[in-house]
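Student: Could you take me through some of the descriptive terms used for a protein structure? I would like to see how each one is decided.

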Amino acid sequence: MWHRIAAFVIKFRIALMIVLLALTGIMGYFASRVQLSYDFTSAIPRNNPKYIDYQAFRNQFGEDGNLMVIGVQTDHFFDKTFFADYAAFARQIEKAKGVENVFSIPGAVTLTKDTILHRLNVLKLADMPNAANPDTFRNLFYSLPFYRGFLYNPDAHAYMMALRVNKQLLNSAARTGIVKNIVAIGDDFGNKHNVTMHYSGLPLIRTMMAAQVQQEMKLFLALSFALTAVILFLFFRSGVAVLTSMFVVAVGVVWSLATITLLGYKITLLTALIPSLIVVIGIPNCVYFLNKYHSEYHKHGNKMKALLRMVDRMGVVTLFTNLTAAIGFGVFFFTKSALLKEFGLVAGLNILAIFFISLIFIPALFSFLPPPKGKHTSYLDSKWVNRLLDTITTWVFAHRTWIYVTTLAICIFSVLGMMRLHSVGHIVDDLPKDDKVYLDLKFFEHNFRGVMPLEIVIDTRRKNGAVTLPVLQKMDKLQQYLDHFPEIGHSLSLVEGVKFARQAYFDGDSSSYAVPESIFDAAFLQPYLNFGSGNGKSSVFSKLISSFIDSSKQKTRISINMADVGSRKLPVLLDSIRPKTYALFDSSKYNITFTGTSVVFLEGSRFIINSLRDSLILAFLMIFGCMVFLFRSWRILLISIVINIVPLLITAGLMGWVGIPIKPSTVLVFSVALGITIDVTIRFLVNFKQELSRHDDGIAINVQRTIRDTGLSIIYTSLILIAGFGVFALSQFDGTKSLGYLTSLTLLLAMITNLTLQPALLMWMDKAARKIKDPQWLMDEEETDNEE
């Protein structure tokens, strides 16, 4: 069959090349229209209960992930010049594009009692008598407990400004410009007064991470091209071979970007890796084809015969290596996570596409080019490679026991390491610990206990139930309880508005900042709880209060700022909060929902890890199903399973011993590595099978011949893959870094096991088969080959 395919490709090479180039031109158009994704929660399936709760919350109360904060720490905040400039800075932020409202100390408001109209009016502190004096303003501001822990920490002399960004703009390409403009305004103020400005909140974190993804995508693509080009040139010593390989993978990259657009997807943290992966995975195709072409031409000097044999002998190998790699990635499509589905489908389709691109382009192009010169095939006689292969052969034949014992000892050590593995994830998990975004987040966690949103929604199941005194008192008790947790910062709810109103009712006495203690107390306050708007300055405060209750006054929420405690600690924290919450709010009378971006992230992290685990199992079944179809021998299947599990086992063990946690990026390593390492196994076993069908020299001689024939290409393709994935270790994201060096390590281990343990097991299996008088354990494969 493959001989006919080879003849077809050569015969219709011009037409196939035209079709390939035309399709690439079309794909290039769609690739140019690829867009960056700004979605933060697409890791969770739409039917997940946590996702449904979060969407219901957003529809009811609005976006919780659009709050950005700006912090500064200084002992001179209320100095006249500094405070005046800070007030001007706050006004600049208010006018910035995309900013809906700003909560700042200069813009702070208070409530005043109007005894004639029986209402509370909102008044800016800056408009109060003598407030132009910073000392007077400071005293007025500090007399309002509402702002303590929210806009300032008096013990640390830390001050915060909170602003909300328009959610439509936040989920668009305009977000980058908006956030950068806000940071630029803040930096100008900080530089003027020689203070460090701190920025955080999900809008900033998401924007900075998205910008870094875009930047790293271009960097990794350039580095992977450059690095593989250098390795290819050192291998083939031919500029034509290098340029051909670069063209093949460049076409693959264009197709991959076009596929993202055609499928209606956008570039995410995962899909941004695909172009570089196509380069890394596509290059071995070129190496396998060109190496076979050179070795065949080196034997008989007939170019067309060499090209036909190249496709004939390497077509099936390359097809199955690409198929198994595609399965390794493609199984992610069968998860329920939109993020993983997109990554799996795009990666799987384009890994298969790169096979057809190389199958058409390489033989077609080289049929028009002159035959390779002696210097282009000199690598076939490389002395250092031959010495290395001789050493490997010696070890396989003379020291098999040592190979078994060493492998077993390392596996036992690895299993012990695996027992130390634990899973954890943080919202800023992938950021390096010295990154400003990470350091600024820690500033807010240290001074304000964090800025990550957590929401508790209380459904009273009856109209106006949320504004009754018993509910307000229960909420106040819950908030006081929450304040005892060091990971939980300031909480804000309708209760704070009522406390603020009560303080105003008692003429600003800060000791009156409390929830009414009785119905009698609340009755006097009730007429004043309709905030007046006659002065035009109440809108911000009234909007703040109204955002904590629904239109029917049946549901209300407690909005909490908390630290990024991670996926291990957050469930424990929530489990600590729930008993008190349900003790206050009887489940027979109230519906309580814990939601917000923090909960959604936790669920997404847990879901991705579970999905990756399931997809790894599915990948194993599908890949080894391909092995059964290809070799039709349970012994070969058993060998291939052992050979490919050992590298994964060692990598997992090292993760446990070194303390690398299980998180989405590190679990991804195993599916990716399995799909790629099995390629080497297939390359070796197919060659062994072909040699066995052509020679009647026995297993030992054919194993030795296979090491010699495949060792060179296995070593070089492994080095290319190791270097290609090693590029990801330069990432600013710890997750991408882990993907890089852990995959490179696994591929290195796979190369070693395939060239040492695999041939040793083949010889041991043959010896075992002969003992049970089954010397023909590979005859099914031989007969199949002969029939073809």
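**Terms and their cut-offs**

Student: Why is F356 called partly exposed?

Tutor: F356 has a relative accessibility of 45%. Buried means under 20% relative accessible area, exposed means over 50%, and partly exposed is what lies in between, using a 1.4 Å probe and protein chains only. The 45% of F356 falls between those limits, so F356 counts as partly exposed. The model is predicted: local features need pLDDT of at least 70, side-chain atom pairs count only at pLDDT 80 or more, and totals for chains, interfaces and linings use all residues. Residues are numbered from 1 along each chain as its sequence is written, and side-chain values use heavy atoms, with hydrogens and water left out.

Student: What makes F355 count as buried?

Tutor: The relative accessibility of F355 is 1%, so F355 counts as buried.

Student: How many aromatic pairs does a search of the whole structure find?

Tutor: The search finds 38 aromatic pairs. Rings of Phe, Tyr and Trp (its six-membered ring) pair if their centres lie within 6.5 Å; planes under 30 degrees apart count as stacked, over 60 as edge-to-face and the rest as tilted.

Student: Why is the pair of F77 and Y86 called edge-to-face?

Tutor: The ring centres of F77 and Y86 are 4.7 Å apart, so the rings pair, and their planes stand at 65 degrees, which is over 60, so the pair is edge-to-face. F77 and Y86 are both buried. F355 and F356 also form an edge-to-face pair, with 5.0 Å from centre to centre and 70 degrees between the planes.

Student: Why are α1 and α11 called oblique to each other?

Tutor: Helix α1 (residues 2-11) and helix α11 (residues 303-330) pack at about 125 degrees, with axes 8 Å apart. Helices here are DSSP runs (H or I, at least four residues), strands are E runs of at least two, and both are numbered from the N terminus. Axes are lines fitted to C-alpha atoms, for helices over the stretch in contact, and angles run from 0 to 180 degrees between N-to-C directions. Under 35 degrees is roughly parallel, over 145 roughly antiparallel, 65 to 115 roughly perpendicular, and the rest oblique. About 125 degrees is in none of the named ranges, so α1 and α11 are oblique.

Student: Which residues of α1 and α11 make the contact?

Tutor: Contact means heavy atoms within 4.5 Å. Among them are W2, I5 and I10 of α1 and L307, V311 and L319 of α11.

Student: Why are α2 and α12 oblique?

Tutor: Helix α2 (residues 13-31) and helix α12 (residues 338-368) pack at about 130 degrees, with axes 10 Å apart. That angle is outside the parallel, perpendicular and antiparallel ranges, so α2 and α12 are oblique. R13, I14, L16, M17 and L20 in α2 meet residues of α12 including I357 and F361.

Student: How do you know that F444 is buried?

Tutor: F444 has 0% relative accessibility, so F444 counts as buried. F444 lies in helix α15, and leaving aside neighbours within four places in sequence, its contacts include V69, M160, Y199 and R449.

Student: Why is R449 partly exposed?

Tutor: R449 has a relative accessible area of 29%, so R449 is partly exposed. R449 sits in the loop between α15 (436-448) and β8 (452-459). R449 has a positive phi of about 65 degrees although R449 is not a glycine.
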